[in-house]
Amino acid sequence: MAQTINTRVTRTDARRKVTGTATYAADVMPAGMLHGSLVCSAIAVGTVSSIDTSAAEAEPGVVAVYTHETLPDYKTVKGFYAGGPGSASFWPMEGTEIRYAGQPVAYVVAETAAAARRGADLVDVTYEEGESRIHMTPEDSFVVGAGEDSDGMVLTKGDIQAGLDAAAQSVDMTFTTPFQHHNPMEMFSATAEWRGDRLTVWMPSQSVRTLRAGIAGAYGLPETSVRVISPFVGGAFGSKAGITPYTMLTIAAAKGVGAPVRLIVTRPQMFTVATFRPESEQKFRLAADANGKLTAFEHIEIAQTSQFDNVVNPGTHYTRAMYACPNIHTEQRLSRSDTNTGGFMRAPNEMQTFWGLESAMDELAWKLQMDPVELRRVNDTKTHPTAEVPFSSRSLMESYDAVANGFGWADRGRDIGSMTDGDWLVGYGCATATYPTNILASNARVRMQATGGAYVELAAHDVGTGTYTIMAQIAAARLGLPVKAVDVVMGEADMPVAPISGGSTTAASAGSAVHDACVKIGQQVAARVSGMSDGPLSGIDASRITLDDGVLRGPEGQSQSLQEALSMLPEGEIEMIGEFRHPALTDELIAATFNGGYGTAGPVTPEFAMFAFGAEMAEVRIHKYTHEIRVPRLHGAFAAGTWLNRKTAHSQLMGGMVWGIGSALHEVTEVDQPRGRFLNANIAEYLVPVNADVREVRVQMLEERDDYVNPLGVKGIGELGIVGTAAAIGNAVYHATGQRLTSLPIRMSDLLRS
Ligand code: MOS
């Protein structure tokens, strides 16, 4: 394809972002705007007995203090897609019920943000506290649906016991992962302005159409009466996918006070008013013959959910896609506890499940006295092990070979503790990365002008990933324009339909719609100029004219630049709507996306299984006496179809790997068990990797062609980099110390204990 694809292109919005001229949702200040502040529950379970608002109301600058009794015309989103991974079905402030710590119980509106905050501090809530349990209890876990074969939540192929009996070696291990929170830099916010029956909401969102459909439905308004605007998003990672109570409370408060209201959620409140990564337990029984061929593969995932929703992110659906095995059993289970409903967090639940799977595979390799890379190789497969369809492309071993080469895997000491450097124990570990290629319907509008520019418009989102830039590249490549001549606008619900920016789908699905619009521009212009009485393409069968890199070409080498052809049209410009409708998208799925939902097809279709793959290798150093853990090197090689932008793709993969270091060694939301609260709800105590923790992170991007996933051959890379990092680090810790740690995060204290 043209040179604007698969090259390093600096973000088109970089200057706007670093100079502060990119307008984020909370930068907007409608005239007469007031400020909101949330009061959140101090208990996890119980009821509100009384709320004394008098001191808050007396505070200078406070305009209104709303409680469940006084907030007028508060609507909640029911039925629509509440109860999914972005939005809980339980809505606070409909009554006195408290179902999780930190749920909103009152809403203060004031003339300044400071007055609103002071007012919130002065609201005096008394509770009747019930007993709460915030950790999940795997003993009480259950399967959503009917059990065996219900959406594959339980799946059995062959006979696990027979596979275990036939094995030379086996492992039976349980791994756990903790509560984690996304902590995007940009705070959650919502700004609402009513003008009669017309409502505008500015809010950072991964799915503006979901938000609009939910709000319009709740208020019984046509969607055309509700504007939802989210041009820039300062990090989301799954936390800005839903319709949250703070949004609906702000909309109601704005109606109540008769003025626009803006709420910026505080950092501690961000831990409780939206979604998070739930706790999980990963149970594996793996067995292999003496050559390492798997004879049994069992994975039971138990993930935490709330008391009121059954949210499943089916990690077992991806682990069972990895390795060939005649006997497979997987179960996707949930366990309840007294928290808000958990949901998407970068690679849900691949991060958790591959921590388990790839640690268990490593243990199996040690038992077999086999190179762990070779264990993956003998079990590599071009056919999905349970769906029994071929992979549309699968470059797992190519990734291992590429990363091993640059990393120096062959040079490692073969025994535990065999590598040292002074007082440091050195270990190497490896793990598989993967991410499903999810597919959603999308439209996009492209308008090209003969004067040499193009506009691209669609209701997609740039959550910090570089979407503005890659959409411009896709159009530029087809239309033969410089990237800077393509103006991309996104992030408003009234724009042409684009799906949620989640599940690593935007580049692949929304990008394919932009591509399609450009293809149609070529076809339309070809039809027009071929019908003209003169010009290089005059009289040629238009269906045989192709467009590549901005040049229209006839079957016998006749050619004309698209821009020149366009200048022959009296309009001097052309506009087309592109559509991406992958054959795997059913009418039902297309309708779901167009109605604001998540109409996702894949990763397994009746024809193919679609996944991106990679391999990661980590070097760890552990101090002999202090047990300090360092990661001096983390290398990854990845294949995910076409690379659109080698710079932003590299950043996505590297960012995922850095976050993987956090998952391995730092990140956990600590819990106050008797009171059911999150304790370290701030970014001072919620640890994430800082520069000192991140040393050499190397990313290799392998070439891979996949004509099935979409016309661009793009698989999506937003989440791939984090999957496998924790296991690669854990496996390196084992190599260095002989200690197999099964709970994330791995800490010095875990190494001291044994
Ligand atoms: Mo991503 S966790 O699907 O926003």
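This note sets out points on the helices, strands, pockets and individual residues of a predicted model.

1. Helix α13. This helix covers residues 506–530, and its 25 residues reach 35 Å from the first C-alpha to the last. That span is close to the 36 Å expected at 1.5 Å a residue. The helix nevertheless has a kink of about 25°, centred on Ser512. Of the 25 residues of α13, 19 are buried, so the helix is largely enclosed by the rest of the structure.

2. A three-stranded sheet. Strands β4, β2 and β6 form an open sheet in the order β4-β2-β6, with antiparallel pairing. Its edge strands are β4 (97–98) and β6 (124–129), each of which pairs on one side only. Strand β2 (residues 46–52) is joined to β6 by six bridges in the antiparallel sense. A reader may find the register from Thr47, which stands opposite Glu128 in β6.

3. Strand β20 and its neighbour. Strand β19 (residues 453–458) runs parallel to β20, and five bridges join the two. Within this pairing, Val456 has Val488 of β20 as its bridge partner. In a regular strand the side chains alternate between the two faces of the sheet. Along β20, Val486, Val488 and Met490 point to one face and are buried, whereas Asp487 and Val489 point to the other face and are not buried.

4. The second largest pocket. What lines this pocket, and which residues lie nearest its centre? The lining consists of 18 residues, and Arg16, Tyr468, Asp487, Val488 and Val489 are the ones that lie nearest the centre. The space in the pocket is about 390 Å³. Helix α12 (467–479) and strand β20 (486–490) each supply at least two residues of the lining. Strand β20 gives the most, with five residues.

5. Cavities. Rolling a probe the size of a water molecule over the atoms shows where empty space is left. The count comes to six cavities of 30 Å³ or more. The largest cavity holds about 90 Å³ of space. Its lining is made up of 15 residues, with Gly86, Ser87, Ala88, Ala274 and Asn340 nearest the centre.

6. Cysteines. The count of disulfides comes to zero. Cys325 is in no disulfide, and the nearest cysteine sulfur, that of Cys430, is 19 Å away. Is Cys325 buried or exposed? Its relative accessibility is 5%, so Cys325 counts as buried. Cys518 is also buried, with a relative accessible area of 0%.

7. Cis peptide bonds. One cis peptide bond joins Gly602 and Pro603, with omega at about 5°. Pro603 is found in the loop between α15 (587–594) and β25 (611–623). A cis peptide bond also joins Leu744 and Pro745, where omega is about -10°. The loop that holds Pro745 lies between α17 (725–737) and α18 (748–753).

8. Positive phi values. Gln369 is a residue other than glycine, yet its phi is positive, near 55°. The residue lies in the loop between α9 (350–368) and α10 (372–378). With a relative accessible area of 76%, Gln369 is exposed, because that value is over 50%. Asp549 likewise is not a glycine and has a positive phi of about 50°. Asp549 lies in the loop between β21 (546–548) and β22 (551–553). At a relative accessible area of 38%, Asp549 is partly exposed.

9. Pro138. This residue lies in the loop between β6 and β7 (154–157). Pro138 has a relative accessible area of 18% and is buried, because the value is under 20%. Along the chain, Pro138 and Glu281 are 143 residues apart, but their C-alpha atoms are separated by 7.6 Å.

10. Arg677. Strand β28 (residues 677–678) is the place of Arg677. At 29% relative accessibility, Arg677 counts as partly exposed. Arg677 and Gly660 are 17 residues apart in sequence, and their C-alpha atoms are 25 Å apart in space.

Conventions
Residues are numbered from 1 along each chain as its sequence is written. This is a predicted model: local features need pLDDT of at least 70, side-chain atom pairs count only at pLDDT 80 or more; totals for chains, interfaces and linings use all residues. Side-chain values use heavy atoms; hydrogens and water are left out. Helices (H or I, at least four residues) and strands (E, at least two) are DSSP runs, numbered from the N terminus. The expected span of a helix is 1.5 Å times one less than its number of residues. The bend at a residue is the angle between axes fitted to the seven residues ending there and the seven starting there. Buried means under 20% relative accessible area, exposed over 50%, partly exposed in between (1.4 Å probe, protein chains only). Two strands pair if DSSP finds at least two bridges between them. A disulfide is a pair of cysteine sulfur atoms within 2.5 Å. On a 1 Å grid over the protein atoms alone, a cavity is a set of points where a 1.4 Å probe fits but cannot get out, and a pocket is an open set with protein on both sides within 12 Å along at least five of seven lines; lining residues have an atom within 4 Å of a point. Grid points are joined across faces, edges and corners, and a volume is the space filled by probe spheres set on the points.
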